[in-house]
Amino acid sequence: MDDTRRAILRWMTGVMEAQGWSAGAWARLAEVTPTNITRFLRDPARGSVPSAETLGRLARVAGSEPRFLDDAAYQAVARVPLLSVEQVRNFLELGRRAGEAFIAAALTSGARGIAVDRPASRRAFALTIASSSLNAAGVLPDDCVVLEPLDVLAPQAGDVVVTVGDGTVCGYRFFPPHLLPVSTDPGCRPTPIERANVAGVAVHITRCLRA
């Protein structure tokens, strides 16, 4: 088996194992024919290799892509959807499996995605910060923050967590029993954790320097 086939096989089997997807389930999410996957998986050495379009559709759903270069030359990249406040509220009301399906659907809906060079769970997502509550700590309005939900990553003292309110998205340092702002804005004040709607723990941040 050549290196190209081996890379595609390693990626496909890894995605299916991590996501708990069958070939049919993955194909339905990506809107491709299941035989495009099953023919190759049955005989990866000689079977028909999925087309570039099929691989692209599968990659968009999976949030990852085959790695044709070695690890030193090409680091793994994950993709998470950038959600609105309303979408996050809907997501937080869902159970684990329904939440995973929600995130997978968001990745294929045409919404903006954020690429991160670190592993991400099937429930990770991004939000745009809409306050100056952490501006003194370097987290600025309009920054995109990648979050892991609390049931995936439990916050530790000092972690950055993000809350969603009525049209607001605020970052805080997690210091129980409060969420503490680090801000030049005197209107930003500590918030009791039990009164906050915490969306998740921040694990990555991106910033657009030019529109």
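This report describes a predicted model, moving from its overall build to helix packing, cysteines, backbone features and selected residues.

**Overall build**

The protein has six helices and nine strands. Its C-alpha trace spans about 65 × 35 × 30 Å along the principal axes. The chain counts 211 residues, and 39% of them are buried. The accessible surface comes to about 11,400 Å². Carbon and sulfur atoms account for 52% of that surface. Contacts over long stretches of sequence are frequent by count: of those between residues at least 6 apart, 64% join residues at least 24 apart.

**Packing of H1 and H4**

Helix H1 covers residues 3–19, and helix H4 covers residues 52–62. The two pack at an angle of about 35 degrees. Their axes are 12 Å apart. The crossing of H1 past H4 is left-handed. On the H1 side, the contact uses Ile8, Trp11, Met12, Val15 and Gln19. On the H4 side, it uses Leu55, Leu58, Ala59 and Ala62. By class, this contact holds eight nonpolar residues, one polar residue and no charged residues. Gln19 is the polar one, because Ala, Val, Leu, Ile, Met and Trp all count as nonpolar and Gln does not.

Thr4 also belongs to H1. Thr4 is partly exposed, because its relative accessible area of 44% falls between the 20% and 50% cut-offs. Thr4 and Thr38 are 34 residues apart along the chain. Their C-alpha atoms are separated by 17 Å.

**Cysteines**

How many disulfides does the model contain? The count is zero. Cys188 shows how this comes about at one site. The cysteine sulfur nearest to that of Cys188 belongs to Cys170, 6.9 Å away. A disulfide needs the two sulfur atoms within 2.5 Å, so Cys188 is in none. Is Cys188 buried or exposed? Cys188 is partly exposed, with a relative accessible area of 21%. That value is not under 20%, so Cys188 does not count as buried. Cys144, in contrast, is buried at 4%.

**Backbone features**

One peptide bond is of note. The bond from Pro176 to Pro177 is cis, with omega near 10 degrees. Pro177 sits in the loop between strand S6 (169–175) and strand S7 (178–180).

Two residues that are not glycines take a positive phi. Glu31 has a phi of about 60 degrees. Its place is the loop between helix H2 (23–30) and helix H3 (35–42). Asp142 has a phi of about 80 degrees. Asp142 lies in the loop between strand S3 (125–128) and strand S4 (144–148). Glu31 is exposed, with a relative accessible area of 65%. Asp142 is exposed as well, at 60%. Both count as exposed because their values are over 50%.

**Loop residues and their contacts**

Gly138 lies in the loop between S3 and S4. Gly138 is partly exposed, with a relative accessible area of 34%. Which residues does Gly138 touch, leaving aside neighbours within four places in sequence? They are Asp143 and Arg207. Gly138 and Val182 are 44 residues apart in sequence. In space they are 9.1 Å apart, C-alpha to C-alpha.

Ala157 is in the loop between S4 and strand S5 (160–164). At 59% relative accessibility, Ala157 is exposed. Not counting residues up to four places away in sequence, Ala157 is in contact with Phe174 and Phe175. Both of these partners fall within strand S6 (169–175). Ala157 and Pro176 are 19 residues apart along the chain. Their C-alpha atoms are separated by 7.2 Å. Pro176 is also the residue from which the cis bond to Pro177 runs.

**Accessibility in summary**

The table collects the residues discussed above.

| Residue | Relative accessible area | Class |
|---|---|---|
| Cys144 | 4% | buried |
| Cys188 | 21% | partly exposed |
| Gly138 | 34% | partly exposed |
| Thr4 | 44% | partly exposed |
| Ala157 | 59% | exposed |
| Asp142 | 60% | exposed |
| Glu31 | 65% | exposed |

Note on methods: Residues numbered from 1 in each chain as written. Predicted model: local features only at pLDDT ≥ 70, side-chain atom pairs only at ≥ 80, totals over all residues. Heavy atoms only, no water. Axes fitted to C-alpha atoms, helices over the stretch in contact; angles between N-to-C directions. Helix = DSSP H or I, 4+ residues; strand = E, 2+ residues; numbered from the N terminus. Left-handed = near helix turned anticlockwise from the far one by under 90°. Contact = heavy atoms within 4.5 Å. Buried < 20%, exposed > 50% of the residue type's maximum accessible area, 1.4 Å probe, protein only. Areas by Shrake-Rupley, 256 points an atom, 1.4 Å probe, with all protein chains shown as cover.
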